[in-house]
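Subject: Structure handed over, with notes on the sheet and the aromatic contacts

Dear colleague,

I am passing on the structure below, together with some notes on what turned up when I went through it. Please read the notes with the coordinates open beside them.

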Amino acid sequence: MANIKKDIADNFGNRLRTRVNGILIQNDKLLMIKHRMGENVSFWNVPGGGMIYGQDARENLRREFLEETGLEIEVGSYLFVHELLAPPLHAIELFFEVQLMGGRLVLGKDPELRDEQQLIEEIRFLDLDEIKNIPYFEKHAVFRGINSLNDVRIWKGYFNFENNSIK
């Protein structure tokens, strides 16, 4: 079995990354992706990923959505930024609201990783109760205390939930 933590550190760690993330809400459900993070460890987040030099944030987010979900999107309003600092990972994450334009929902791939290293396990639309029922540390920090799917549309500013390294 592959060493997932080493693969994550080797591919994404020990450097500052800029990431883009898309909030797609349809029929009172949020599109989320379940990532394999280790032996019996999962992590749910919205589609998104690292930016490629020379592409703006909206281009990067459209590319990431297509790679991970098979969906074509229009990038809407910028919502907020979250800073993740959990060594070896450090990321500035830009969150945008997105709208579905086309495509078909499929389980995608992360092109930075070989087939045996793929982390994406599941993708689906989750309602608020399903998000709340995901174990606390198995979902992105911005979704841990969510009380309404509308919360993410009204948050503005900078968030650094539980980043003890920078407090």
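In this predicted model, strand β6, which covers residues 71–86, is joined by 13 bridges to strand β7, residues 89–103, and the two run antiparallel. The connection between β6 and β7 is a hairpin that passes through 2 residues, and within this pairing L84 stands opposite A91 in β7. Both strands belong to an open sheet of 5 strands, whose order is β5-β1-β7-β6-β9 and whose pairing is mixed. At the edges of that sheet are β5 (48–50) and β9 (158–159), each of which pairs on one side only. Helix α2, residues 57–69, packs on the sheet and touches β1 (15–23), β5, β6 and β7, with a direction that makes about 100° with that of β6.

The parallel part of the pairing includes β1 and β7, which are linked in that sense over 9 bridges; here R19 stands opposite E93 in β7. As a general reminder, strands of a sheet pair through backbone hydrogen bonds, in either a parallel or an antiparallel manner.

Turning to the side chains, the count of aromatic pairs comes to 4. One of them is formed by F80 and W155, an edge-to-face pair at 5.5 Å centre to centre, with 70° between the planes. Because F80 lies in strand β6 and W155 in the loop between α4 (151–154) and β9, this pair ties together parts that are 75 residues apart in sequence. Are these two residues, F80 and W155, buried or exposed? Both F80 and W155 are buried, and together with F95 they form one aromatic cluster.

Another edge-to-face pair is that of Y136 and F137, where the distance is 4.8 Å centre to centre and the angle between the planes is 85°. As for the surroundings of this pair, Y136 has a relative accessible area of 39% and is therefore partly exposed, whereas F137, at 61% relative accessibility, counts as exposed. The ring of Y136 has a further partner, since the charged end of R144 sits over that ring, 5.0 Å from its centre.

With best regards

Terms used:
Residues numbered from 1 in each chain as written. Predicted model: local features only at pLDDT ≥ 70, side-chain atom pairs only at ≥ 80, totals over all residues. Heavy atoms only, no water. Pairing = 2+ DSSP bridges. Helix = DSSP H or I, 4+ residues; strand = E, 2+ residues; numbered from the N terminus. Contact = heavy atoms within 4.5 Å. Axes fitted to C-alpha atoms, helices over the stretch in contact; angles between N-to-C directions. Phe/Tyr/Trp six-rings, centres within 6.5 Å; stacked < 30°, edge-to-face > 60°. Buried < 20%, exposed > 50% of the residue type's maximum accessible area, 1.4 Å probe, protein only. Lys NZ or Arg CZ within 6 Å of the ring centre and 35° of its normal.
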